[in-house]
Amino acid sequence: MPASTANPPRIAVLADSDTRWKWGALTATRIAPSMETGSGSEAQPAPVLDGFLLRGRATPTPRQLAEVGVRADSLREVTAVEFLRAMTRTPYDVLVLALVGGGVQAILHGLKRIWEGDGEGRSERPVVVTGYVGVVYEKLADGLLLRHGADLVLANSRQDAERFRAVYEGVGADASSVTEVALPFLGGAPYTGEHDPYTVVFAAQPSVPENRRDRTYLLNRLVQHARLHPEREVLLKLRSKPGEHTTHIEELPYQKLAQKHGLPPNFRLVYGNMGEVLDRTDLMVTVSSTAALESLHRRIPTVVLTDLGVREALGNHHFVGSGCLASWDQLDAGHRPAPDEDWVARQGVAAGGTPSGGGSYASSWDVARERIAKLLALPGGLPALTPYYTPATAPGYLPGILARHHLGPDGNPLPGAPSTDKDPGPVRQIVRRAARGAYRHGVQRVAPVIRRMGEL
């Protein structure tokens, strides 16, 4: 399946949420292998991008897909079994798995089964790439080992690359797949000075913090800041509208909490592409959102809040040493943070145009592209996928992960797994929408009530 100079590279992206679709689709455009003939005189054709959305509770809505701003040449919703069947029919150069760790592991075993290759274990298959959508602050070993087996495991910074290799080497797994890149959605015009009006943006997160008390506190402080500074525009940047799901479950949407407030005229709730919001931002505030890295990349003053503590459960411990930690009291008094340049460089953030290791931000994917090109050029195809977890190394863990995606321990579909290749008909679509609606209603309304009753 090596790339041909006669055809554009063909890339498939399998994603299970809006955020991972954004990461996967943008990563695909960054790592597209070069199709040049060697003379360097021919322009590289645009890659063909086929998108697959893994059916589940967080399958993105059309609005969420449009917000990402990346158009696929084709896009359809699939189960894991349907996706594996599609991989046997269409030749691809690169496959990007933008999934939660368990999903990556299940697909890797399914792909290994359908790409068993010849007697020497080699097959004509695409290069398989995976990684993380942002800051990795929890379940490092668990998530990494579930992603082991891909040809490239992308690390978004020098720091992450070192941590990833240490985990793999520490369990005796091959660490050669770890490849340093950068977050694919950094970019935009650098910050040049205050706007009129001065704009403060709070980047909300679906699950950080989780409880009503802390989320209400953050909303109250944001509203208070708007009242203390009526000359400023204060924006609450939301990830999803009520009823939509994101990568993480949001039981207490800020929209619902805000309904109980008398909001000042300079306070607004906004949606849309984060890059467009950053175009008018003078101060970015968050608990631990990856939006902080996007903001730092553009040299926008950025604050990671300490009001609820600096804790692993919040993820803001990742920003220790960044120079960005501050409280709402400090912000109300006019504090403007100054990021630590060494810390910023280790995060793969190209503040000032220089990413970790030197060079331009655009060059951050050069190594990944070169590795992909070399793998595609291997005579006889690529070696078989070799995940760290197997029925022999994790017999009490792996089968359950595979079963959640209707796969047996050998990677074959389980009896009763979805077998149709057809797009769902009208009735099936209605049933799925109703099931998702019931699930979201349970998460956002029923579950909090039951939890409160349990605390009585």
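Here is a short back-and-forth on how some terms apply to this structure.

Me: What kind of model is this, and how are its residues numbered?

Reply: This is a predicted model, where local features need pLDDT of at least 70, side-chain atom pairs count only at pLDDT 80 or more, and totals for chains, interfaces and linings use all residues. Residues are numbered from 1 along each chain as its sequence is written, and side-chain values use heavy atoms, with hydrogens and water left out.

Me: How many helices and strands does the protein have, and what makes a run count as one?

Reply: There are 15 helices and 15 strands. Both are DSSP runs numbered from the N terminus: H or I with at least four residues for a helix, E with at least two for a strand. Strand 15, for example, covers residues 382–383.

Me: What makes lysine 139 exposed?

Reply: Its relative accessibility is 61%. Exposed means over 50% relative accessible area, buried means under 20%, and partly exposed is in between (1.4 Å probe, protein chains only). At 61%, then, lysine 139 counts as exposed. Lysine 139 sits in the loop between strand 6 (127–131) and helix 5.

Me: And why is histidine 406 called partly exposed?

Reply: Histidine 406 has 36% relative accessibility, so it counts as partly exposed. Look for histidine 406 in the loop between helix 14 (398–403) and helix 15 (426–455).

Me: What is the phi of lysine 139, and what is that of histidine 406?

Reply: For lysine 139, phi is near 50°, a positive value in a residue other than glycine. Histidine 406 also has a positive phi, near 65°. Most residues other than glycine have a negative phi.

Me: How do you know that histidine 225 is buried, and what does it touch?

Reply: Histidine 225 comes out at 0% relative accessibility, so it counts as buried. This residue belongs to helix 7. Contact means heavy atoms within 4.5 Å. Leaving aside neighbours within four places in sequence, histidine 225 is in contact with Val200, Arg232, Val234, Trp328, Leu331 and Asp332.

Me: Is leucine 382 buried or exposed, and how far is it from serine 123?

Reply: Leucine 382 has a relative accessible area of 2%, so it is buried. From leucine 382 to serine 123 is 5.5 Å, C-alpha to C-alpha, with their places 259 residues apart in sequence.

Me: Why is helix 3 described as largely enclosed?

Reply: Helix 3 (residues 80–87) has seven of its eight residues buried, so it is largely enclosed by the rest of the structure. The buried ones are Ala80, Val81, Glu82, Phe83, Leu84, Ala86 and Met87. Across the protein, 52% of the 456 residues count as buried.

Me: Which residues of helix 3 meet helix 4?

Reply: Ala80, Phe83, Leu84 and Met87 do, against Ile107, Gly110, Leu111 and Ile114 in helix 4. By class, that contact has seven nonpolar residues, one polar and no charged. Nonpolar covers Ala, Val, Leu, Ile, Met, Phe, Trp, Tyr, Cys and Pro; charged covers Asp, Glu, Lys and Arg; the others, Gly among them, are polar.

Me: Why is helix 4 called roughly parallel to helix 5?

Reply: The axes of helix 4 (residues 101–114) and helix 5 (residues 140–147) come within 7 Å and cross at roughly 20°. That makes helix 4 roughly parallel to helix 5. Axes here are lines fitted to C-alpha atoms, for helices over the stretch in contact, with angles from 0 to 180 degrees between N-to-C directions. Angles under 35 degrees count as roughly parallel, over 145 as roughly antiparallel, 65 to 115 as roughly perpendicular and the rest as oblique.

Me: What makes helix 5 and helix 6 roughly perpendicular?

Reply: Their axes come within 10 Å and cross at roughly 75°, with helix 6 spanning residues 158–170. Helix 5 and helix 6 are therefore roughly perpendicular to each other. Their contact has seven nonpolar, no polar and two charged residues.

Me: Where are the cis peptide bonds before proline 197 and proline 209?

Reply: Aspartate 196 and proline 197 are joined by one, with omega about 5°, and proline 197 lies in the loop between strand 8 (178–180) and strand 9 (199–203). Another joins valine 208 and proline 209, with omega about -10°; proline 209 is in the loop between strand 9 and helix 7 (212–228). Most peptide bonds are trans.
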